[in-house]
Amino acid sequence: MKITKEQFQKEFKNRLNEKYAMGVEDASANELYNTLGSMMRAAYSSKWHHTWKNYLANQQKQVYYFSIEFLPGKLLESNLLNMDWLEVVEESLEDMGIDLKELINVEPDMGLGNGGLGRLASCFMDSIASCGLPGNGNGIRYQYGLFKQKFIDGYQVELPDDWLNNGNVWEVRKDSKAVNVHFFGDVHLEEVEYGKLKPVYKNQQMLRAVPYDTGMIGYKNEMVNTVRLWSVEIPASEEVHYRSIEERRALEDLTAVLYPDDSNEKGRLTRLAQEYFFVSAGIQSIVRYFKTLNVSIHNIHEYVAIHINDTHPALCIPEFMRILLDEEDLTWEEAWAITLKVMSYTNHTIMAEAMEKWSVDMIKRLLPRIYQIIEEIDRRFVEDMSLKVYDGKVVENTKIIKHGEVHMAHLAIIGSHSINGVAKLHSELLKTTVLPDFYSIYPNRFNNKTNGIAQRRWLQLSNRSLSEVLDKTIGTTWRHDPLDLRLLLNYQDDEKVLEEIYQSKRKNKKRLADFIEDHSGIVVSPDAIFDVQIKRLHAYKRQLLNLMHIIKCYQDIKENPESKPHPRVFIFGAKAAPSYTYAKTIIKCINETAQLINNDPDVKDLIKIVFLENYNVSLAELIIPAADVSEQISLATKEASGTSNMKLMLNGAVTLATLDGANIEIRDAVGDENICTFGITKDEVYDYYQNQSYSAVSYYENDPVIRRVIEAFIDGTIPNIYHEGTEIFDSLIRYNDEFFVLRDFKSYVEAQEKIEECYKDQNHWRKMSLRNIAHAGAFTSDETVKNYADEIWHIDTLPNYGDEKGLE
Ligand code: B1N
């Protein structure tokens with residue numbers, strides 16, 4: 001999609017005039033942004049059209065990635081990059097006196113997800129298109145994204161994220177593709193013809209699902225795939241059926257808000273309705289599209305793969321069965337065989353509280369036909385297992401419906417041909433510890449697909465200065481193939497290159513320091529170590545461990561004013577689920593500790609704490625390039641993979657990590673000398689569980705350092721946290737420290753000391769940093785999605801892909 005400066009400027013001015021009857025000099029940033037966006041959309045729409053027409057013409061097998069969250073962030077710059085317009089547009093705008101950055105600033109950050117799971121889905125969408133793979137996203141167009149976070153008196157306050165209030169240039173509403181989704185009512189099976197039972201419905205409520213499509217532009221490959229997000233509407237004809245205003249409102253608001261819980265489930269009717277809504281709409285639209293191929297429904301698995309991103313879309317399985325049985329008249333046996341071939345499932349967590357379960361009563365009431373199908377899937381599963389060798393316990397552990405609840409993970413596993421975890425350790429734990437009974441039944445279904453990240457966003461766009469150094473040093477092939485970052489290893493002893501990488505880091509740190517001063521008033525030095533922990537606030541991620549170490553450093557300085565640690569800025573970014581009081585307590589404690597330390601003259605600026613508000617994709621793009629230290633300190637076994645670990649290493653940060661999730665693979669990639677690991681291993685964690693032998697209080701009693709740190713929470717050292725300090729103290733001592741913070745404290749402190757030592761030896765540190773960048777290409781989501789494509793979805797690029805990327 002090439003364009004010249006002259007073409008661009010002419011077209012841009014025309015459009016601005018057409019849209020707003022204005023010249024460049026009169027337009028606001030928002031008007032300029034909308035003009036540019038609509039112009040880009042017009043430019044890629046013929047490629048978009050071609051892409052799906054080609055899929056159709058080739059009867060290409062496609063994957064549909066069902067995810068209740070997508071977290072794309074801003075799209076302007078990333079679309080410009082992938083269209084190969086970035087440089088021309090930047091220069092052309094500059095000629096017209098417009099700074100592209102100002103247009104980027106007015107774009108809302110599209111935050112239809114909570115954290116890693118949603119961001120992974122968006123990296124996958126970028127990679128699928130960029131690798132030329134036929135794949136689409138399917139999700140919900142929430143009217144409000146994840147809440148905006150503010151701190152008031154150190155407390156988290158949530159504000160609505162009304163991201164659509166200025167419209168959305170990237171989406172296209174497709175009225176002609178709307179479908180109906182049904183809820184509630186009564187259903188019974190009637191023999192409509194001899195021997196054939198069909199469901200007959202009474203008193204159902206019908207909602208309209210309207211799709212909004214967004215083009216996913218492949219990186220300089222002329223391909224544009226689709227993410228389809230569904231929005232609810234109430235058909236006027238249906239008004240009469242509502243039993244109450246409340247009920248009407250509940251359904252009307254179905255796609256209004258994203259549930260703000262990460263790794264946690266709260267059984268609520270609206271959430272279940274959301275899940276069915278986007279699943280049913282998505283599957284109906286897939287089947288409708290499939291019919292235009294003129295292929296027999298008996299072969300649909302050769303043309304369609306459906307991926308279930310965590311259990312939230314697990315209703316794909318009974319919904320697909322419903323369509324094959326009730327609408328396509330297939331037999332149960334055939335419908336089931338096809339469903340298995342179509343469906344695959346990724347598990348993203350082993351945290352018990354995140355395992356989705358719905359009460360039988362709720363599903364029965366909201367989705368009566370779906371419930372019948374789930375019941376029958378379960379009945380046949382139990383019958384089948386009982387005939388095989390499995391003992392009663394295995395069947396009891398694996399069935400879908402028990403104790404009045406539907407276990408969504410069990411449904412997803414039983415109905416999919418592939419079940420994968422998101423890092424090697426996590427996938428092993430699924431087999432050995434979390435789902436051993438399922439593993440014994442279906443050993444061949446289990447596999448690993450380690451997560452990845454899109455280097456385009458997380459390096460090319462967010463770290464332009466490092467990208468330039470890379471281009472100069474190793475050429476530009478890494479931009480297409482991130483594995484080529486390894487070429488950098490040839491320069492690990494090249495002082496000039498090390499210096500240039502350092503200077504680019506310095507620039508990014510300065511940029512962040514300016515932002516910090518603007519937004520929080522805190523002055524930090526870019527020569528300090530920037531120590532970064534950015535992720536959702538959750539007890540298992542152990543932001544508390546980080547805070548305890550900071551308090552220790554503070555106490556050391558107070559006790560020994562002559563000590564001269566290297567100056568450090570501890571940077572946090574984290575949102576807590578609004579209902580997660582413990583996580584909010586930790587936020588309050590970090591903020592109050594920041595007040596104390598940042599303003600204590602004795603500290604002489606040796607330590608600063610900066611907790612940036614409203615951590616989101618855009619803020620991540622600013623923080624990550626500036627990081628020196630990457631905090632990945634979850635309790636071993638708890639973080640399924642993590643992806644900020646990959647983003648931070650890619651930008652030259654050195655990882656300070658427990659042996660959890662993908663940290664282990666990062667260590668294996670960079671080697672022990674280039675990462676700093678600490679803490680107990682998965683085996684030690686399980687030993688403690690097995691023997692119930694962990695005693696937090698003994699650390700408190702026997703380790704004076706730990707004792708002094710913990711007491712700071714309750715003895716007034718940290719001001720304004722009377723209630724919160726007690727809550728922390730109790731979680732550690734009274735409730736025996738669920739995430740072994742005290743157990744890992746000492747080795748964490750030692751690891752932090754080692755980090756400081758390494759940093760002080762700048763020559764050594766710079767080499768470590770370079771090796772991290774060089775090995776980060778291995779964690780590209782391009783490779784991850786190719787593995788999904790080959791091993792799970794069995795999809796391929798178009799036959800002519802690569803030799804004529806321009807398509808027809
Ligand atoms: O998924 C990420 C992983 O890198 C993280 O380690 C993992 O914690 C994260 C319920 C979740 N697991 N589970 C969720 C999110 C929302 C929700 O309502 C669960 N998120 C993860 C990508 O694999």
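The following dialogue discusses how to read several features of this predicted model.

User: What confidence does the predictor assign to the protein chain and to the complex?

Analyst: Per-residue confidence and scores for the complex are given separately. The protein chain averages a pLDDT of 96, and 98% of the residues score at least 70. For the complex, the predictor gives an ipTM of 0.99 and a pTM of 0.98.

User: How many residues surround the ligand, and which are the closest?

Analyst: A shell is read from the residues near the ligand, where near refers to a C-beta atom within 6 Å. Here 19 residues surround the ligand, and the closest are Gly116, Leu117, His348, Thr349 and Ser641. By residue class, the shell holds five nonpolar, 10 polar and four charged residues.

User: Why does the ligand lie between domain 2 and domain 3?

Analyst: The placement is read from the domains that supply the shell. Domain 2 (59-74 + 109-451 + 787-793) and domain 3 (460-779) both contribute residues to the shell around the ligand, so the ligand lies between them.

User: Which strands pair with E18, and in which sense, parallel or antiparallel?

Analyst: Pairing is read from the bridges between two strands. Strand E14 (residues 343-346) is joined to E18 by three bridges, and the two run parallel. Tyr345 stands opposite Ile419 in this pair. E18 is also joined to strand E19 (residues 446-448) by three bridges, again running parallel, and Gly421 has Asn448 in E19 as its bridge partner.

User: Are the residues of E18 buried or exposed, and which way do they point?

Analyst: Burial is counted from surrounding C-beta atoms, with 20 or more within 10 Å marking a buried residue. In strand E18 (residues 418-421), Ser418 and Asn420 point one way, Ile419 and Gly421 point the other way, and all are buried.

User: How is the hairpin of E5 and E6 to be read?

Analyst: One considers the pairing, then the turn. Six bridges link strand E5 (residues 145-152) to strand E6 (residues 155-161) in an antiparallel arrangement, with Phe151 opposite Gln156. Two residues lie between the strands of this hairpin, where Asp153 takes a positive phi near 55°.

User: What is the strand order of the open sheet of six strands, and which strands form its edges?

Analyst: An open sheet is read from one edge to the other. The order is E22-E21-E20-E23-E24-E25, with parallel pairing. Strand E22 (607-612) and strand E25 (676-677) are the edge strands, each pairing on one side only. Within the sheet, strand E20 (residues 529-534) and strand E23 (residues 629-632) pair in the parallel sense over two bridges; Val532 has Ser630 in E23 as its bridge partner.

Note on methods: Residues numbered from 1 in each chain as written. Predicted model: local features only at pLDDT ≥ 70, side-chain atom pairs only at ≥ 80, totals over all residues. Nonpolar A, V, L, I, M, F, W, Y, C, P; charged D, E, K, R; others polar. Domains from an automatic or database assignment. Buried ≥ 20, exposed ≤ 12 C-beta atoms within 10 Å, placed from the backbone. Helix = DSSP H or I, 4+ residues; strand = E, 2+ residues; numbered from the N terminus. Pairing = 2+ DSSP bridges. pLDDT = per-residue confidence, 0-100.
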